[in-house]
Amino acid sequence: MRILYYDCFAGISGDMNLGAMIDLGVDADFLAGELQKLNIKGFHLEISTDIRRGVSGTKATVVIDDPDNEKHRHLRHIEDIVNQSTLSDRVKTTSLRIFNLIAEAEAKVHRIDKQKVHFHEVGALDSLADIVGAAICLDYLNVDKVMASPVQLGGGTVKCAHGIMPVPAPATVEIVRDIPVRTGLVQHEATTPTGAAILVAIVDEFTEQISFPIHKIAYGIGQRDVSEVPNVLRAYLSESVGDQDDAETEEASVIECNIDDMNPEWYEFIFQKLFEAGASDVFLTPLMMKKSRPANKLSVLCNKELISELKSIIFLNTTTIGLREYSVKKTILDRYEREIETALGKVQVKYCTFQGKMIRVKAEIEDVKQLASLHKLSLDEVEKIIQKNL
């Protein structure tokens with residue numbers, strides 16, 4: 001299992017994240033090439049080695065060629081840019097999830113619709129590069145799990161488009177709601193809204209307790225160099241081999257409710273909303289309620305940090321008036337994904353191991369369906385052809 005761990009003892013920003021990912025092994029030329037797929041001119045990456053309080057690492061800077069011609073964008077403009085690019089679907093999905101978190105936070109702070117949020121900083125080219133770059137790096141590393149420490153937010157005040165704001169800024173507070181944080185280590189903005197949104201969008205578990213071997217250590221250098229605390233983001237990469245049970249146990253939560261008075265056509269939309277918000281699994285169980293009324297039990301498996309958001313989605317999009325929640329332990333087989341070339345085209349395949357042996361191999365169903373439509377074959381025919389390449 002490949003695990004990416006963020007040690008945010010000094011906070012996180014978009015550029016610190018890019019620096020840490022390059023320091024961890026992401027090819028800088030590949031990242032620059034992928035960013036060009038946004039089809040936007042006016043910026044480029046500068047990568048260098050730098051040092052903060054004796055700690056050396058990689059510094060990534062998004063250089064704007066003509067700052068005076070910077071455009072302010074709304075969420076729909078960003079969605080168009082990302083969706084019309086030739087980036088992979090996974091990169092697009094992760095990028096838009098990060099942007100959406102920031103838009104929702106800004107909308108709540110200013111009490112407006114998220115589509116009306118004027119992205120003063122986030123719509124600028126440097127933040128576009130930071131956010132889409134984060135998604136590109138995550139896809140490049142192809143990790144199975146992302147973990148992070150509690151996040152240092154900093155203290156004091158920060159100057160932004162709306163004036164002087166307290167640290168953490170209001171948008172940052174909204175984004176980090178329900179995840180473990182710390183404040184006051186430094187008197188500046190240690191974690192930016194962009195950095196916070198990257199973490200919330202991609203991290204599976206926030207914890208200080210790590211129980212995996214550390215194989216790579218990386219440091220992303222921040223732009224600021226004024227504190228006694230090194231302004232760096234530390235990242236670890238663990239690449240454990242299947243020499244144990246290849247099964248990991250972790251804490252999770254289940255949210256449940258019984259529904260007997262809702263249009264069943266709504267379920268598809270609800271499932272989509274829950275998965276987009278980060279649910280690990282969503283499923284229905286048929287049951288019989290009082291007075292012999294047929295019903296469904298809606299169950300949602302998730303990390304505990306997502307409980308509040310997922311409960312809101314259920315209350316706002318179903319007819320239930322009550323929920324149950326409880327903790328469970330998940331045991332998960334070691335798994336990894338890779339793209340393979342077949343006679344029909346490329347397809348993403350998931351491999352699962354147990355006790356050092358490969359026991360499951362499954363092609364991504366969306367890829368299978370796409371190839372079936374492209375070549376006018378049945379799903380069964382496509383899967384048989386894929387099997388020959390495994």
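This report describes aromatic pairs, helix packing and selected backbone features in a predicted model.

**Aromatic pairs**

A pair of aromatic rings is described by the distance of the centres and the angle of the planes. Searching the whole structure gives three aromatic pairs. In one of them, Tyr5 and Tyr236, the ring centres are 5.8 Å apart and the planes meet at 10°, so the pair is stacked; the cut-off for stacking is an angle under 30 degrees. Tyr5 belongs to strand S1 (residues 2–7) and Tyr236 to strand S11 (residues 232–239), so this pair ties together parts that lie 231 residues apart in sequence. Tyr5 is buried, at a relative accessible area of 4%, and Tyr236 is buried as well, at 11% relative accessibility. Tyr5 and Tyr236 also belong to one aromatic cluster with Phe212.

Phe30 and Tyr140 form a tilted aromatic pair, with 5.1 Å from centre to centre and 50° between the planes. Phe30 is in helix H2 (residues 28–35) and Tyr140 in helix H5 (residues 125–141), so the pair ties together parts 110 residues apart in sequence. Phe30 is partly exposed, with a relative accessible area of 34%. Tyr140 also counts as partly exposed, with 36% relative accessibility.

**Packing of helix H4**

Two packed helices are described by the angle between their axes and the distance between the axes. Helix H4 (residues 89–110) packs against helix H7 (residues 193–202), and its axis also crosses that of H5. The table gives the values for both pairs.

| Helix pair | Angle between axes | Axis distance |
|---|---|---|
| H4 and H7 | about 125° | 9 Å |
| H4 and H5 | roughly 135° | within 8 Å |

The angle of about 125° between H4 and H7 makes H4 oblique to H7. H4 passes H7 in a right-handed crossing. On the H4 side, the residues in contact are Thr94, Arg97, Ile98, Leu101 and Ile102, and they meet Pro193, Thr194, Ala197, Ile198, Val200, Ala201 and Ile202 of H7.

H4 and H5, whose axes cross at roughly 135°, are likewise oblique to each other. Their crossing is right-handed. H4 contributes Arg90, Val91, Thr94, Ser95, Ile98, Phe99 and Ile102 to this contact, while H5 contributes Ser127, Leu128, Ile131, Val132, Ala135, Ile136, Leu138 and Asp139. Thr94, Ile98 and Ile102 of H4 thus appear in the contact with H7 and in the contact with H5.

**Ile136 in helix H5**

Ile136 is located in helix H5. Its relative accessibility is 2%, and Ile136 therefore counts as buried; the cut-off is under 20%. Leaving aside residues up to four places away in sequence, Ile136 touches Phe30, Leu31, Glu34, Leu35, Leu87 and Val91. Among these, Phe30 is the H2 residue whose ring pairs with that of Tyr140 in H5. The C-alpha atom of Ile136 is 8.7 Å from that of Arg90, with the two positions 46 residues apart along the chain counted as their separation.

**The buried side of helix H9**

Which residues of helix H9 (residues 307–317) are buried? They are Ile307, Leu310, Ile313, Ile314 and Asn317. These residues cover an arc of only 130° around the axis, which places them on the same side of H9. An α-helix has 3.6 residues a turn, so residues three or four places apart point the same way.

**Lys59 in strand S3**

Lys59 sits in strand S3 (residues 55–64). At a relative accessibility of 16%, Lys59 counts as buried. Not counting residues up to four places away in sequence, Lys59 touches Glu46, Ile47, Ser48, Asp50, Arg52, Ile221 and Gln223.

**Backbone features in loops**

Val167 and Pro168 are joined by a cis peptide bond with omega of about 0°. Pro168 is in the loop between strand S7 (163–166) and helix H6 (170–175).

Lys291 has a phi near 60°, a positive value in a residue other than glycine. Lys291 is in the loop between strand S13 (281–289) and strand S14 (293–302), and at 75% relative accessibility this residue is exposed. Ser292 is in the loop between S13 and S14, and its phi is also near 60°. Ser292 is exposed too, with a relative accessibility of 58%.

Methods
Residues are numbered from 1 along each chain as its sequence is written. This is a predicted model: local features need pLDDT of at least 70, side-chain atom pairs count only at pLDDT 80 or more; totals for chains, interfaces and linings use all residues. Side-chain values use heavy atoms; hydrogens and water are left out. Rings of Phe, Tyr and Trp (its six-membered ring) pair if their centres lie within 6.5 Å; planes under 30 degrees apart count as stacked, over 60 as edge-to-face and the rest as tilted. Helices (H or I, at least four residues) and strands (E, at least two) are DSSP runs, numbered from the N terminus. Buried means under 20% relative accessible area, exposed over 50%, partly exposed in between (1.4 Å probe, protein chains only). The arc is that of the directions from the helix axis to the C-beta atoms. Axes are lines fitted to C-alpha atoms, for helices over the stretch in contact, and angles run from 0 to 180 degrees between N-to-C directions. Angles under 35 degrees count as roughly parallel, over 145 as roughly antiparallel, 65 to 115 as roughly perpendicular and the rest as oblique. A crossing is left-handed if the near helix is turned anticlockwise from the far one by less than a right angle, and right-handed if clockwise. Contact means heavy atoms within 4.5 Å.
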